[in-house]
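User: I would like to go through this model step by step, with the reasoning given for each answer. Please take the overall fold before the individual residues.

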Amino acid sequence: MLTLVMVSAVLATGGKRRILAIALVLITPALIGKWLNFFAPGLVSISVLLVATVAFFAFIVGQLLIFILHAPRVDTNVLCAGLAGYLMLGLLWIPIYELTAQLTPGAFAFNTELHEGTMKGFNAFYFSLVTLSTVGYGDVAPVSRVARMFAIMEAISGLFYMAVLVSRLVAVHSAQNLSQQTKISATDTDSESK
């Protein structure tokens, strides 16, 4: 599923040759490492795979933000890019938490018996999206300083992302409405003068 998401992200942001080339360079080690690790565990260092995945998702989120901030008008593409960027931001933090748990054993505490007690796979996905949305159920908690700092950074990035996104969309939409009203007023004035 992650492979499909990553390939879709490349296709969505790869409109220009330079951007497509950078995206392909970043996705290649992440996907090759992921699939090699799936078929031959231990062949590729998990740390290398996770760092490559972080670099890829950071690039994609950056490209989506650039697209949103430079959009001349609000349309379906801009709204979809905003939603995709938020979800990609959540995916960006998953390998960061997995790497933190790998390098710092005991970095996360699991307070329920429902979790298997490792920050991998769905647990990392769950913790990332709960932290990004600042819900924080408390069943998984960062314990080490590094894990806590990353959780704080993700929560702040989620809040800032939404604040910047909403303010940008409102500003562009307001400018569109003002421009349309000005055109209508000018047309009405021209009609009355004739």
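The questions and answers below concern this predicted model.

User: Which pattern of helices and strands does the protein chain follow along the sequence?

Analyst: The model is predicted, and its protein chain has 6 helices and 2 strands. Read from the start of the sequence to its end, these elements are arranged in the pattern α-α-α-α-β-α-β-α.

User: Of the contacts in the protein chain between residues at least 6 apart in sequence, what percentage join residues at least 24 apart?

Analyst: The protein chain has 194 residues, of which 36% are buried, and its accessible surface comes to about 11,700 Å², with 69% of that area belonging to carbon and sulfur atoms. When contacts are limited to residues at least 6 apart in sequence, the share joining residues at least 24 apart is 68%.

User: Where on helix α1 do its buried residues fall, and within what arc?

Analyst: Helix α1 covers residues 2-13, and its first and last C-alpha atoms are 17 Å apart, close to the 16 Å expected for 12 residues at 1.5 Å a residue. Its buried residues are M6, A9, V10 and T13. Viewed down the helix axis, the buried residues of α1 line one face, because they fall within an arc of 100°.

User: Against which helices do the buried residues of α1 pack?

Analyst: The two sides of α1 can be told apart by their residues, since the face turned away from the buried side carries the exposed residues L4, L11 and A12. On the buried side, the residues of α1 pack against α2 (17-39), α3 (46-69) and α4 (76-103).

User: Is A12 buried or exposed, and what distance separates its C-alpha atom from that of Q63?

Analyst: A12 has its place in helix α1, and A12 counts as exposed because its relative accessible area is 63%, where the cut-off for exposed is over 50%. Although A12 and Q63 are 51 residues apart along the chain, their C-alpha atoms are separated by 9.8 Å.

User: Is T53 buried or exposed, and which residues does it touch?

Analyst: T53 is found in helix α3. With a relative accessible area of 8%, T53 is buried, as buried means under 20%. Leaving out residues up to four places away in sequence, T53 touches A30 and P95.

User: How far apart in space are the C-alpha atoms of L43 and G33?

Analyst: L43 lies in the loop between α2 and α3, and at 57% relative accessibility L43 counts as exposed. L43 and G33 are 10 residues apart in sequence, and the distance between their C-alpha atoms is 8.7 Å.

User: Which residue forms a salt bridge with R73?

Analyst: Side chains of opposite charge can pair when their charged atoms come close. The count of salt bridges comes to 1. R73 is partly exposed at a relative accessible area of 47%, and D75 is likewise partly exposed at 24%. The closest N and O atoms of the pair are 3.9 Å apart, and the partner of R73 in this salt bridge is D75.

User: Which residues of α5 are buried?

Analyst: The span of α5 agrees with expectation, because its 12 residues should cover 16 Å at 1.5 Å a residue and its end C-alpha atoms are 17 Å apart. The buried residues in α5 are N123, A124, Y126, F127, S128, V130, T131 and L132.

User: What is the phi of T134?

Analyst: T134 follows α5 and lies in the loop between α5 (121-132) and β2 (140-142). With a relative accessible area of 42%, T134 is partly exposed. T134 is not a glycine, and yet its phi is positive, at about 60°.

User: What area does the nonpolar surface patch that includes M149 have?

Analyst: M149 has its place in helix α6, which covers residues 145-193. At a relative accessible area of 47%, M149 is partly exposed, so it passes the patch cut-off of over 30%. Together with I152, M153, I156 and F160, M149 makes a nonpolar surface patch of about 490 Å².

How values were computed: Residues are numbered from 1 along each chain as its sequence is written. This is a predicted model: local features need pLDDT of at least 70, side-chain atom pairs count only at pLDDT 80 or more; totals for chains, interfaces and linings use all residues. Side-chain values use heavy atoms; hydrogens and water are left out. Patches are made of residues with over 30% relative accessible area and no salt bridge: like charges are joined within 9 Å, nonpolar side chains (Val, Leu, Ile, Met, Phe, Trp, Tyr) within 5 Å. Accessible areas come from the Shrake-Rupley method with a 1.4 Å probe; for residues, only the protein chains shown count as cover. A salt bridge is a side-chain nitrogen of Lys or Arg within 4 Å of a carboxyl oxygen of Asp or Glu. Helices (H or I, at least four residues) and strands (E, at least two) are DSSP runs, numbered from the N terminus. Buried means under 20% relative accessible area, exposed over 50%, partly exposed in between (1.4 Å probe, protein chains only). The expected span of a helix is 1.5 Å times one less than its number of residues. The arc is that of the directions from the helix axis to the C-beta atoms. Contact means heavy atoms within 4.5 Å.
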